Amino acid sequence: MARAPVQAPILRIDRVSKTYPRPESGGSFTVLDDVNLTIYPGEIVALLGRSGSGKSTLLRLIAGLIQPTKGVVYSGERAVDSPNPDISMVFQSFALLPWLTVVENVEIGLEAAHLEPKEARRRSLEALRLVGLEGFERAYPRELSGGMQQRVGFARAFVIRPRILLLDEPFSALDVLTAENLRGEIADLWEDRNFPAESVILVTHNIEEAIMLADRLIILGTNPGRVRGEMRVGMPRPRERNSKDFRSLADHVYTVMTNPETKVGPAITPVGGFDTTPLPHARPGAISGLLELVQEYGGPEDVAVISEKLRIEADDLLPILDAAVLLDFAKVEQGDVTMTPIGKQFADAEVEEARVLFRAQALEKAPMMRSIYEALRSSKAGSIKKEFFIDVLDENYSDDEAEAQFDTAVTWGRYAGLFDYDSDDEVLHLAVEHPEPAH
Amino acid sequence: MIRLPFLQRYTFKRPPAFADVALLLGTFALLYVVAKVGAGFFVSFRPPGTTPNVDLDPSNLPYYAIRSSLRMFIGLFASVIFSLGYGYLAAKNALAERILVPLLDILQSIPVLGFLSITVTFFISLFPGNLFGLEMASIFAIFTGQAWNMTFSFYNSLITMPKELEEAATVFRFSKWRRFVSVELPASMIGLVWNGMMSFGGGWFFLAVSEAISVLNKSYTLPGVGSYVARAVNERNMPALFWAVVAMVVIIVIIDQLFWRPVVAWAEKFRMDRSASGVKATSWAYDLMRAAKLPALASRFWRRLRRRLPRFPGLPAIPWKIRRRHRLKINADLLAAFFLGGITVVGLYYGYGFVTKEVRLQEIAEAFGLGFLTLLRVLLLIALACVVWVPVGVFIGFNPRFARIAQPIVQICASFPANFLFPAATVVFLRLGLSIDIGSIALMALGAQWYILFNTIAGAMAVPNDLREMAASLRLSGMLMWKRVTLPAIFPFLVTGAITASGGAWNASIVSEIVTWGHKTLRAHGLGAYIADATAKGDWPRIVLGVGVMCVFVVTFNRFGWRKLYAAAETRYRLG
């Protein structure tokens, strides 16, 4: 049962923005824009969003690992301006010290707080028992499986009895079965009401995981990261993955997340006639694979069902869907995927024909692909340095995202036979026998 | 369900009592030797002129060998302290980073031996009237041969620390000290240990040179294996030389078995990657220490004692300041450029003024010409060493059973100070009438070639089996196999080996372009001989000129040659 939030908030995020300066152009890049969020004691809140929605940044702001550019994070009554003493954190990569034994890894937070050694040992062993690692105290992390290593990560976070426990995609480095098992145990612990923290904030891109664990879902949007909306999970615990309520909520979340976002942040500005509207990071092979699958099922297919069937998490599935929609191969309405005629043609096509179709659609529907192609055609040598494109992309994207956009453009361009990239010289050039555009 | 590999851990088969006795005896023996030899260290304070005599009786060799080793270990200790301090500062402070890292880059590419005259003079003036200064100068030479590598390794480990590990340390409120001891130092340990071991091996060369050196028309001698060899050369005493070589091999093997192997085996526990890759380093001495019960007893006793003692009040947990690189960036860049630029300009101005007072411009040009001759030698040597050792190394590396035996042997060869063999080679040159202009290439190769062989073996061992099976199934062989598979696969290792070999060769040029046997001296045309000549005569302007020109050569070549190759190796030819 979700505990009713009757007390004063345990954490308040007040109009927080985070921007990073871009030293080259003198501008700045916004990761989070005007985020408001309140967390109450006794609840588990999940931050859901695609990559680039700034959910990890938000978690690090709460932890006090980074400071907001604008706005304030209040932990209780206190403004967080240094590492937040009220929290502890479980990391995606476990972040264990391989040279310490299991119990030493757990103890270390207490030692740093100058707790009496005997007491520290006692509490650490208790925490280890809680996560089912009794008897493993003297093992080294490398001797344990991934799931057990993450249990150590949980014990280390539990032992300092934080007010808020921050979980940064704690199950995503584990295989499906191990993740499911550990997730279930954490849920059980929470239901038993002797959970070693008052509240939990969970960052995830796995929609079902969020519904399984959380009382509230916060949906974050991308470019820049911001709160798009929130949903309450009213279901009683323990939750049944196959129950009707669960499925319909999962459906709903998928629908929200696949809906085109209305851009609230600063619009993408074309630089010198160069349109940098983002490309979804999906490989052509994956797009055609997805379309073939939908084709196989005949009618419209539910996004949540596809995710379940393919065992792909939303974070990986959504860009593929986005790409299919962008290229006009498919439509998504109310969480259902339908193929367009040209999408059907693409799914049926032979290798060479498919590439021709892809080329035509990319040039017509993906502005960045067209911009790159035009730029190359108008250059004398038919080739342009990568640096030029990165500079242009940097105006609207973070460094990493600019690189990622470029990589995706290259992948698409190679498949479409539009242009090729020489990674030795870092030069983009027109494909050897580049065709005239279809239109 | 759950496999517990730690239950199958290797257990020492002999009864633990044996281990304890062996450990106790070993510890007492070590203490005794250090106390005995260390005393000699301090007794040798004597006014200059009465330099300690080196006795060529082979029975004295153990004593000399131990004195030399002691110097090596003090040098190593100093290097460790320096690496930790310098590396930490460079990694943690944006301004310091911008000054210290380029500085270190230059420091590690300049030929240490060229500066021997400067450092010897400096340390002697620090301790006038006794030989302690000379002792320091020798240790300093060893230090300069070890410290830069280790510092780079530590700095690199610090800046490539996994981000989540750092965040965990912050979230769990580690103090700076705890962060250093529990996270940063352990994470850097493997790199430090391996670099320390390799540099230690290289250090013997500097030791041998620095124990017996004539600077500014005076010859200085410190009791040790290096000076023993120098004396033997003076007296043309072949048997004594032979015994010195034997003693050197013995001491290298002993230190390897009793010190480095255990340390490397111990450092295994600091490995970051989860899967234990490749063959794990093992050491019988380390197993012995672990089997012994005494260390555990002692540490338990110490922990109990510490609990009784009043608690150290402990520093308050200082919240770790978040690093804001970008905020400082422009200022730090400017400041650093200003600082480094200033040093360079001032150095050039004074250096030029100092040199041109006595040296004509034409001679400067000549020095550059000599530099090209030495460069030619270095390049020839590397090319020849590659032609000879790459096939051998690949053969060894592709046969794991072979490699297990060969690798430690090659490592010992690399550690062996090649200058011990110079006299013997000189005799051969004299007999055959071979010009030292060519012979010096062979002398430089005596030390430098091993780095190429060593790295080739390591590279060949690292080639994934899949690749070799693919090549076999496609029936690739001969030139095609070499060109398409083998050479590209070992290329990054080969480049590393060549860079190390080139550094070693530049240093070696100073001692291998002039060699003596008794009263006969062979002198090659080259920058190394030029510097050695100037050093012996105490001709300061020419020392500065020679060393300066060599620095220019090495730094330029590193920047525009090796660095490019290395970048290519890292991006294109990296496996896995």
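Two strands count as paired if DSSP finds at least two bridges between them. With that in hand, the sheet region of chain A in this predicted model can be read strand by strand. Strand β1 of chain A (residues 11-21) is joined by 5 bridges to strand β4 (residues 70-75), and the two run antiparallel. One of the matches here involves A:Leu11, whose bridge partner in β4(A) is A:Ser75. Strand β1(A) also pairs with strand β2 (residues 28-39) of chain A, again in the antiparallel sense, this time over 8 bridges. In that pairing, A:Ile13 sits opposite A:Leu37 of β2(A).

Further along chain A, A:Gly273 turns up in the loop between α7 (244-258) and α8 (284-296). Is A:Gly273 buried or exposed? A residue is called exposed if 12 or fewer other C-beta atoms lie within 10 Å of its own, and A:Gly273 has 8, so it is exposed. Its C-alpha atom is 8.0 Å from that of A:Ser371, although 98 residues separate the two along the chain.

Over in chain B, the interest is in a pair of helices. Two packed helices are described by the angle between their axes and the distance between the axes. For helix α18 (residues 478-512) and helix α19 (residues 527-537) of chain B, the angle is about 55° and the axes are 7 Å apart. That angle makes α18(B) oblique to α19(B), and their crossing is right-handed. On the α18(B) side, the contact is made by B:Ser509, B:Ile510 and B:Ser512, while α19(B) brings in B:Leu527, B:Gly528, B:Ile531 and B:Ala532. Sorted by character, the residues of this contact come out as 4 nonpolar, 3 polar and no charged.

Notes. Residues numbered from 1 in each chain as written. Chains lettered and ligands numbered in written order. Predicted model: local features only at pLDDT ≥ 70, side-chain atom pairs only at ≥ 80, totals over all residues. Axes fitted to C-alpha atoms, helices over the stretch in contact; angles between N-to-C directions. Helix = DSSP H or I, 4+ residues; strand = E, 2+ residues; numbered from the N terminus. Parallel < 35°, antiparallel > 145°, perpendicular 65-115°, else oblique. Left-handed = near helix turned anticlockwise from the far one by under 90°. Contact = placed C-beta atoms within 7 Å. Nonpolar A, V, L, I, M, F, W, Y, C, P; charged D, E, K, R; others polar. Buried ≥ 20, exposed ≤ 12 C-beta atoms within 10 Å, placed from the backbone.
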